[in-house]
Amino acid sequence: MKRMIISIAALVVAASSAFAQINVGAGYSGTSMNLSEGDNTWYNGFNVSVGYNLPLGLGFEFSPSIEYNYLTRNADVSAEVPVVSVKSKNQFNEHYLNVPLMFNYGYEITPNARIFVFAGPSASFGLYADYVTRIEASLDGNSGSTEKETAELWGDDSTYKRCDIKIGGGIGLDICKHLRVQAGYDYGLINRTKADDLKLHHHSLKAGIAYMF
């Protein structure tokens, strides 16, 4: 009996794999960094991904993927005093990997169009993050600037955590069996700061297009 169950399971996986599709995609990523105190800050960027679509039957599909994300934000601070103008140019950069494990349920509008909704968890792993600062000043028509100073945000003394677990979902459209357009939202569950009496969560909006082979 045990061998029969294993054999049936193997046949189901093999049959599903015959219809599975590898996909590659790219799109926009935007993240709101929500602090428990102070204003929330929005960061823009992009993502590229490689994934796998595995039909489960009855309109359901499992779509795991690996996704590279880049986020950035520029924040300039200026100060004007008599005859002197000083500007601090600041840039935040973050690179990380997401591993979304999404399930979707779809309905074929036409033979060449399938609309679907998706949901599932994602694991997020930070690769590198830094904060780049440069000071520019002008006096009596003369201007100059300091060298860029880069502060890495992950390290022994950093309060910024690398990893996150997110739960998310969204909606998408498959066109002609090979193109997938989708948009979704991920809600970060992990507090990303070690600072006392402070909480930081990442909530992300993503939209993009993928080609399914």
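## Leu-127 and its surroundings

Leu-127 sits in strand E5, which covers residues 113-139. The model is a predicted one. At a relative accessible area of 44%, Leu-127 counts as partly exposed, because that value falls between the 20% limit for buried and the 50% limit for exposed.

What does Leu-127 touch beyond its neighbours up to four places away in sequence? The list is Tyr-68, His-95, Tyr-96, Leu-97, Trp-154 and Arg-162. Tyr-70 offers another way to place this residue. Leu-127 and Tyr-70 are 57 residues apart along the chain, and their C-alpha atoms are separated by 9.9 Å.

## The chain as a whole

The protein chain has one helix and 10 strands. The helix comes at the start of the pattern, and the strands follow: α-β-β-β-β-β-β-β-β-β-β.

The protein chain has 213 residues, and 32% of them count as buried. Its exposed surface is about 12,800 Å², with 64% supplied by carbon and sulfur atoms. Contacts also reach along the sequence. Take those between residues at least 6 apart: 61% of them join residues at least 24 apart.

## The largest nonpolar core

Which residues make up the largest nonpolar core? There are nine: Met-33, Tyr-43, Leu-71, Phe-92, Tyr-96, Ala-129, Trp-154, Tyr-160 and Leu-200. In soluble globular proteins, nonpolar side chains tend to be buried together.

Tyr-96 is one of these core residues. Setting aside residues up to four places away in sequence, Tyr-96 touches Thr-31, Glu-67, Tyr-68, Asn-69, Leu-71, Ser-124, Phe-125, Gly-126, Leu-127, Lys-166 and Ser-204. Leu-71, on that list, is also a member of the core.

Tyr-43 belongs to the core as well. The charged end of Arg-73 sits over the ring of Tyr-43, 6.0 Å from the ring centre.

## Aromatic pairs

How many aromatic pairs are there? The count is eight. Phe-116 and Phe-118 form a tilted pair, because their ring centres are 6.3 Å apart and their planes meet at 45°. Are Phe-116 and Phe-118 buried or exposed? Both are buried.

Tyr-211 and Phe-213 pair edge-to-face, with 5.0 Å from centre to centre and 80° between the planes. Tyr-211 is partly exposed at 37% relative accessibility. Phe-213 reaches 55%, so this residue counts as exposed. Elsewhere, ring pairs link Phe-46, Tyr-68 and Tyr-70 into a cluster.

## Phe-103 in strand E4

Where is Phe-103? This residue lies in strand E4, residues 84-110. Its relative accessible area is 44%, so Phe-103 is partly exposed.

Beyond its neighbours within four places in sequence, Phe-103 is in contact with Leu-56, Glu-61, Phe-62, Val-117, Phe-118 and Ala-119. Phe-118, in that list, is the residue whose ring pairs with Phe-116. Gly-169 is 66 residues from Phe-103 in sequence, with 9.1 Å between the two C-alpha atoms.

## Cysteines

How many disulfides does a search of the whole structure find? The result is zero. A disulfide is a covalent bond between the sulfur atoms of two cysteines.

Cys-163 has a relative accessibility of 41%, so this residue is partly exposed. Cys-176 is partly exposed too, with a relative accessible area of 45%.

Note on methods:
Residues numbered from 1 in each chain as written. Predicted model: local features only at pLDDT ≥ 70, side-chain atom pairs only at ≥ 80, totals over all residues. Heavy atoms only, no water. Core = buried A, V, L, I, M, F, W, Y, C linked by side-chain atoms within 4.5 Å. Buried < 20%, exposed > 50% of the residue type's maximum accessible area, 1.4 Å probe, protein only. Contact = heavy atoms within 4.5 Å. Disulfide = S-S within 2.5 Å. Phe/Tyr/Trp six-rings, centres within 6.5 Å; stacked < 30°, edge-to-face > 60°. Lys NZ or Arg CZ within 6 Å of the ring centre and 35° of its normal. Helix = DSSP H or I, 4+ residues; strand = E, 2+ residues; numbered from the N terminus. Areas by Shrake-Rupley, 256 points an atom, 1.4 Å probe, with all protein chains shown as cover.
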